[in-house]
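Trainee: I am new to this structure and would like to go through it slowly, one question at a time. Could we have it in front of us before we begin?

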Amino acid sequence: MEHLLELKDISFHYQKNEPVLDGVKLALRPKQFLGILGPNGGGKSTLLKIIVGLLKPAKGDIYFYNKKIKHFKDFPRHKLSYVPQGDVLESPLPLRIVDIVNFGQPLVKNPNHPPMSADEALHIVGLKKHKEAPIHSISGGERQRTLLAKALMGRPELMVLDEPTKGLDAKGQEQLFDLIETIREENQTAIILVDHHITQVINRSDELLCIDKGSHWVV
């Protein structure tokens, strides 16, 4: 089977002689759920930023569908979405759920890959009836669902999530993982997810990548 994403010997450091990542290798199939585990400061969020093109590796190569990414412009923006850690939707503006979701509209429209409507994305995450609700009035779980809806707008083939259950109680965590699994199955979306809720990540993932600074292993 053709791999959606491959990383070959990815290394990165913020300071010279202090590697954050060292020779990371992984291969992701379409629709695969890859969980990433590791301690704080172990390089998990750094790896996600490299995958979506926000950081450039010091060494190593990135491939999407066997095409080597040589420059930032080569990243297939219409095929991936990223929900970063700490995106808590704080804004002094009177924004509604639907306004936030519409921010996910692709900047460049592809006629062969039309984006979702906001209503369609909100229906998937169960918030269509609440789309007019102000962001400041909704719960933490609803905020995370709003961010997932925003990430769905471009119909991504890969969704990269950095601690999406942060701040949620046990029930909220379970519900959000269920929703991510539904998105994966119904939209044929591969998932790369970092989260500190180890049991959930282990139970939901097809494969695990464990990272601790210079060390990494796949199980």
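What follows is a set of questions and answers on a model that is predicted.

Trainee: In what order do the four strands of the open sheet with antiparallel pairing lie?

Mentor: A helpful start is the edges, which are β2 (18–28) and β5 (67–68), since each of these pairs on one side only. Strand β1, residues 5–15, is joined to β2 by seven bridges and runs antiparallel to it. Read across the open sheet, the order is therefore β2-β1-β4-β5.

Trainee: Which residue in β2 does H13 stand opposite?

Mentor: Strands β1 and β2 run antiparallel, with seven bridges between them, and β1 covers residues 5–15. In β2, the residue that stands opposite H13 is P19.

Trainee: At about what angle to β1 does helix α1 run?

Mentor: Helix α1 is formed by residues 44–51, and it lies across β1, β2 and β4, the last of these being residues 59–64. Its direction relative to β1 is an angle of about 120°.

Trainee: How many of the five residues of β7 are buried?

Mentor: Strand β7 runs over residues 158–162 and is mostly covered. In a regular strand the side chains alternate between the two faces of the sheet. Here L158, V160 and D162 point one way, while M159 and L161 point the other way, and all are buried. The number of buried residues in β7 is thus five of five.

Trainee: Which residue in β8 stands opposite L161?

Mentor: Strand β7 pairs in the parallel sense with β6 (residues 80–83) over four bridges, and there Y82 stands opposite V160. Five bridges join β7 to β8, and these two strands also run parallel. Within β8, the residue opposite L161 is L193.

Trainee: Is the β-α-β unit made by β7, α5 and β8 right-handed or left-handed?

Mentor: The helix of this unit, α5, covers residues 170–187, and the strands β7 and β8 run parallel. The unit that β7, α5 and β8 make is right-handed.

Trainee: Is T189 buried or exposed?

Mentor: T189 sits in the loop between α5 and β8 (190–194). Leaving aside residues up to four places away in sequence, T189 touches K31, P156, E157, L158, M159, I183 and R184. Because its relative accessible area is 0%, T189 is buried.

Trainee: Why does Q175 count as partly exposed?

Mentor: Q175 is found in helix α5, and its C-alpha atom is separated by 14 Å from that of N203, 28 residues apart along the chain. A residue is partly exposed when its value lies between the 20% and 50% limits. Q175 counts as partly exposed because its relative accessibility is 37%.

Methods:
Residues are numbered from 1 along each chain as its sequence is written. This is a predicted model: local features need pLDDT of at least 70, side-chain atom pairs count only at pLDDT 80 or more; totals for chains, interfaces and linings use all residues. Side-chain values use heavy atoms; hydrogens and water are left out. Contact means heavy atoms within 4.5 Å. Axes are lines fitted to C-alpha atoms, for helices over the stretch in contact, and angles run from 0 to 180 degrees between N-to-C directions. Buried means under 20% relative accessible area, exposed over 50%, partly exposed in between (1.4 Å probe, protein chains only). A crossover is right-handed if, with the strands pointing away from the viewer, the path from the first strand over the helix to the second runs clockwise.
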